[in-house]
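Work through the following exercises with the structure open beside you, and try each task before you read its solution.

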Amino acid sequence: MYLTTAIKQELFKKHGAGKKATDSGSPESQIALFTHRINHLTGHLKENKKDFATQQGLMKLVGKRKKLLNYLQNTDISRYRAVLADLDLRK
């Protein structure tokens, strides 16, 4: 499996607001997790171009990440900019 508990804890520790391995609820942690999953699915779709179910799941993940980024932008702009810089996202 590409997303094990150890990988999740590492993502939460590196990108979370509290910098703890159990910080799974902060927007930063959620955005980092969605970004990891989006990158994995993008690689899968490059090999399997006609996998439309995965393509639909990818679009849903992108939408969820966009909503979280908008929430973070409206509540705390400094945290939003830190997440964009940390994950190399462009907006």
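**Exercise 1. The nonpolar core**

Find out how many residues the largest nonpolar core has, and which elements give two or more residues to this core.

Solution. In this predicted model, the largest nonpolar core has 16 residues, and those with the most contacts inside it are I31, L69, V83, L87 and L89. As a next step, look at where the core residues come from: the elements that give two or more of them are α2 (27-47), α3 (52-75) and α4 (77-87). The largest share comes from α2, which gives six residues. To see one core residue in its surroundings, take V83, which touches E28, I31, L69 and L72 when residues up to four places away in sequence are not counted. As a general background, nonpolar side chains in soluble globular proteins tend to be buried together.

**Exercise 2. The two sides of a helix**

Decide which residues of α4 are buried, and which exposed residues are carried by the face turned away from the buried side.

Solution. Begin with the buried residues of α4, which are Y80, V83, L84 and L87. These residues cover an arc of only 100° around the axis, and therefore they lie on the same side of α4. The general rule behind such a pattern is that an α-helix has 3.6 residues a turn, so residues three or four places apart point the same way. Now turn to the face of α4 directed away from its buried side, where you will find the exposed residues R81 and A85. Finally, ask what the buried residues of α4 pack against: their partners are α1 (5-15), α2 and α3. Just after α4 comes D88, which takes a positive phi of about 55°.

**Exercise 3. How two helices meet**

Describe how α3 and α4 pack, giving the angle and the distance between their axes, and name the residues that meet.

Solution. The axes of α3 and α4 are 6 Å apart, and the two helices pack at an angle of about 140°. Because an angle has to be over 145 degrees to count as roughly antiparallel, α3 and α4 are oblique to each other. On the α3 side, L69, L72, Q73 and T75 take part, and they meet I77, R79, Y80, V83 and L84 in α4. Sorted by class, the contact has six nonpolar, two polar and one charged residues.

**Exercise 4. A serine in a helix**

Determine whether S29 counts as buried or exposed, and list what S29 touches.

Solution. S29 is found in helix α2. Its relative accessibility is 0%, and because buried means under 20%, S29 counts as buried. Leaving out residues up to four places away in sequence, S29 touches F12, H15, G16, A17, D23 and S24.

Key:
Residues numbered from 1 in each chain as written. Predicted model: local features only at pLDDT ≥ 70, side-chain atom pairs only at ≥ 80, totals over all residues. Heavy atoms only, no water. Core = buried A, V, L, I, M, F, W, Y, C linked by side-chain atoms within 4.5 Å. Buried < 20%, exposed > 50% of the residue type's maximum accessible area, 1.4 Å probe, protein only. Helix = DSSP H or I, 4+ residues; strand = E, 2+ residues; numbered from the N terminus. Contact = heavy atoms within 4.5 Å. Arc of directions from axis to C-beta. Axes fitted to C-alpha atoms, helices over the stretch in contact; angles between N-to-C directions. Parallel < 35°, antiparallel > 145°, perpendicular 65-115°, else oblique. Nonpolar A, V, L, I, M, F, W, Y, C, P; charged D, E, K, R; others polar.
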